[in-house]
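Student: I've got a model open and want to check what the labels rest on. Can we go through them one by one?
Tutor: Sure, have a look first.

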Amino acid sequence: MPTEEIRVRGTVQGVGFRPTVYRLAKACGLRGDVCNDGQGVLIRVSGSEEAITKFVARLQTECPPLARINELTRISYKDELKFDNFVISISVSNAINTEITPDAATCPQCQKEIFDPFSRFYRYPFTNCTHCGPRVSIIRAIPYDRCNTSMSAFTICPECAKEYHDVENRRFHAQPVACHVCGPSAWLERADGKSVTASMFSMLDDVDAVCTLLQKGEIVAIKGLSGIHLACDATQETAVQKLRQRKKRYHKPFALMARDIEIIEQYCTVNAKEKELLRSSAAPIVLLQAIGKNLLAPSVASGQNTLGFMLPYTPLHHLILRRMNRPIVLTSGNLADEPQCIDNEEAKEKLGTIADYFLFHNREIINRVDDSVARVISDKIQIIRRARGYAPASISLPSGFHDVPQILAMGSELKNTFCLLREGEAILSQHLGDLENAAAFNAYQETLNLYLNLFEHQPEIIAIDKHPEYLSSKLGNELANTNQIPIHQIQHHHAHIAACMAENGIPLDSPPVLGIALDGLGYGDDGTLWGGEFLLADYRKFQRLATFKPVAMIGGEQAIYQPWRNTYAQLIAAKLWDDCRKQYADLEIVKFLNKKPLNLLNQLMEKKINSPPASSVGRLFDAVAAAIGIYRDECSYEGQAAIALEAIVDVSSLNNDKEAPIYPFNFSFSDSIYCIDPRPMWQALLNDLQQQIPQSVIAAKFHKGLANAIVEMVKHLSQKNLINQVALTGGVFQNCILLEQVTKRLQTLGIKVLIHSLVPANDGGLSLGQAVITAAQLIHKC
């Protein structure tokens, strides 16, 4: 009788895969066994050839909800297996090459149980099964077995053990399975140390009491699945302002959580794709178009036309929001720019002056994972921050990348992730934040060590960004020197483009694409700062064909947080400042700039003191925003002015050239490179300000003009280069209007457009690009 060994790789541990194998093998009349090991799942079967083929086909079509098969291989044996039945064998420890499953939102069955008074899981805040619950946040080692997770601290009770060992049960081999009797518990504490009981509020329990506290305007720190959050009632301005002041997060929009879609629809428009995304197992924060924002506290998301909503993704959150008929703020439990707290004692120390109450539990969080952020553009999902629900699920690489050594890519300075490359797949870490913060950099190193140990990854080469001052690059150099392995320096914008190519499945040896990388800044090959680049690129190399006119960043990093500096630098570069003083002296922006120490600023630019030239489109957005009066003086985070500029666009005028004609840009050629010059745009914009054209119309004209300039440059470059694919990447292309305008115009020309979906267009996707470029260069050398 035919006997086969079937090897399955992918997301196949901790997701109910073995029970599915067992059920299908029994249904097909097969004998043998199945087990987890370091490679994934190993299946051995004996039966008729027809039965085995049917079994394999059903296995691929009847995968559990959270499972993903990346590879399935079959090897025939001559000898028949000595099994009388089909069984599930114990896990085997060997070389690790399997995936770790992301944490998953509460499934409908578990959600039903926690609200069913006749269920033994009634109101149990840690209910889970193989289709949902904690995974990466609690794991210490592979294989994913209870003994290798923080659930090892809890001895399973007979009832849970019965379900755990019942192959027909939804909780068969669900490693975090627990109940009121044997599992983790939650409790409420006051920040001032005084005792508190649920009876004070006449509530069901401590979890239910949180809802009452939020309704009363209190701030509660809530320990959730993979981190601690700070929560308050999103409709009470006093509470939201109190949270902002205490947390020192003065302007960034807050994330929101609502009990159900119906509540969200009171505040936002939600289409079918967005509903699907909100209800998915990843359960990210979804950016939605706001309506009736006056119903919320004004400071929840000032200067925005979108709101970031998520649905409850743990039983704990479902229970808290059961009686809450309005949204709550649910933001990371940290001080501004620091990593999210995950430990109870750490939270008391760092959040004690922010929260009024703490809802703690005693299940240890091993791996900090922030909430993911996503949105839907033209019916396609775009990941903005890749974390809970998505990381660390692997990304399958295009053809040509399967026989590469193990590579570690260190990522960037801001919105950092790192990437492990091995055997045709990329494992991208969760979002780790901005490394310029010391605590974030320490957390980055801790997470890197955890991943290297979990996946037994031994890098044979390290990839870093070319910027000499990035902490990730410095750490990469240290690791390379310590372990005596080679290091590759990768240009920032080339990495952006390569990441976009890789996630779109462009094979290794494909012809070059035209990559358009627009962002804040990156270190260029010529030692200057780039940020508006047109690169003819494949995975191995690139040629810089065009750029935006470099303009001084007066004061260096200060220009990121004081947008007026960019406006003045742009007007000087365009040689329009003298005209401004003569023709436009009555404009608010001119009056504002005249109050600044312009002689000193001029000297800084002339002597090139802390005023590096940068072709940054991100800074161009800031300059335009400041010119028309948006966050002119100061921003509290990078891109704040640009985001607000997008938010005020008169969308109705985007397709009406009479109401919002296109602002013009100039094109020039020098030093073997084409250049986009915004001088005529500034002339037109100043005229519009003088004519008192509304901000919303000016913003629309700028977006349209910029999109048109980009497309015109593509058309021009296409005349001299064979271009049939264009990759749009970099943080600026998180601007929905610009992305849609450029994409639509390019597609009209018959050009295929590659955009991001699996990884962020911003620096959060950079490490993937670094890794695949390094791999491609190594393959080329071989």
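Tutor: Keep in mind that this is a predicted model. Buried residues make up 61% of the 782 residues in the chain.

Student: What makes a residue buried here?
Tutor: A relative accessible area under 20%. On that cut-off, 61% of the chain's 782 residues get the label.

Student: How many helices and strands are there in the chain?
Tutor: The chain has 24 helices and 31 strands.

Student: And why is the chain called as compact as a globular protein of its length?
Tutor: Set the value against the rule: the radius of gyration is 28 Å, and the globule rule gives 28 Å for 782 residues, so the chain is as compact as a globular protein of that length. The C-alpha trace spans about 95 × 70 × 50 Å along its principal axes. As for contacts with a separation of 6 or more, 73% are between residues 24 or more positions apart.

Student: What supplies the exposed surface?
Tutor: Carbon and sulfur atoms supply 49% of the roughly 30000 Å² that the chain exposes.

Student: Let's take the sheet with β1 in it. Why are β4 and β5 said to stand at the edges?
Tutor: The order is β4-β1-β3-β2-β5, in an open sheet of five strands with mixed pairing. β4 (68–77) and β5 (86–88) each have a single partner strand, so one side of each is left without a neighbour in the sheet. From one strand to the next, the twist averages 15°.

Student: How do you know that β1 and β3 pair?
Tutor: Pairing takes at least two bridges. Six bridges join β1 (residues 3–11) to β3 (residues 40–46), and these strands run antiparallel. Glu-4, for instance, has Val-45 as its bridge partner in β3.

Student: Which helices lie across these strands?
Tutor: Helix α1 (residues 17–27) lies across β1, β2 (31–37), β3, β4 and β5, at about 175° to β5. Helix α2 (residues 49–61) lies across β1, β3 and β4, at about 170° to β4.

Student: On to the other sheet, the one with β17 and β22. What makes those two edge strands?
Tutor: This open sheet of six strands, again with mixed pairing, has the order β17-β20-β19-β18-β21-β22. β17 and β22 (487–490) each have a single partner strand, so each has one side without a neighbour in the sheet.

Student: How do you know that β19 and β20 pair?
Tutor: The cut-off is at least two bridges, and four join β19 (residues 419–422) to β20 (residues 425–428), running antiparallel. Leu-420 has Ile-427 as its bridge partner in β20. Helix α12 (residues 471–483) lies across β18 (407–409), β21 (461–465) and β22, at about 160° to β21.

Student: Which residues touch the most other members of the largest nonpolar core?
Tutor: Phe-534, Trp-682, Leu-685, Phe-702 and Leu-738 do, out of 81 residues in that core. Helix α22 (residues 695–718) gives the most to this core, with 12 residues. Apart from this core lies another of 43 residues, among them Leu-278, Leu-288, Leu-311 and Phe-358.

Student: What is Leu-738 in contact with?
Tutor: Leaving aside neighbours within four places in sequence, the contacts of Leu-738 include Leu-518, Phe-621, His-703, Leu-706 and Ile-710.

Student: Why is α15 called mostly covered?
Tutor: Eight of its 10 residues are buried. Trp-564, Arg-565 and Tyr-568 are among them.

Student: And what makes Lys-575, which follows α15, stand out?
Tutor: Most residues other than glycine have a negative phi. Lys-575 has a positive phi of about 60° although it is not a glycine. It sits in the loop between α15 (564–573) and α16 (577–583).

Student: Why does Lys-575 count as exposed?
Tutor: Exposed means over 50%, and Lys-575 has 70% relative accessibility, so it counts as exposed. Asp-671 also counts as exposed because it has 75% relative accessibility. Asp-671, not a glycine, has a positive phi of about 50° and lies in the loop between β28 (666–670) and β29 (673–677).

Student: Last one: how do you know that the peptide bond from Ala-391 to Pro-392 is cis?
Tutor: Its omega is near 5°. Pro-392 lies in the loop between β16 (380–385) and β17 (395–396).

Methods:
Residues are numbered from 1 along each chain as its sequence is written. This is a predicted model: local features need pLDDT of at least 70, side-chain atom pairs count only at pLDDT 80 or more; totals for chains, interfaces and linings use all residues. Side-chain values use heavy atoms; hydrogens and water are left out. Axes are lines fitted to C-alpha atoms, for helices over the stretch in contact, and angles run from 0 to 180 degrees between N-to-C directions. Contact means heavy atoms within 4.5 Å. The radius of gyration is taken over C-alpha atoms; the globule rule is 2.2 Å times the number of residues to the power 0.38. Buried means under 20% relative accessible area, exposed over 50%, partly exposed in between (1.4 Å probe, protein chains only). Accessible areas come from the Shrake-Rupley method with a 1.4 Å probe; for residues, only the protein chains shown count as cover. A nonpolar core is a set of buried Ala, Val, Leu, Ile, Met, Phe, Trp, Tyr and Cys residues joined through side-chain atoms within 4.5 Å.
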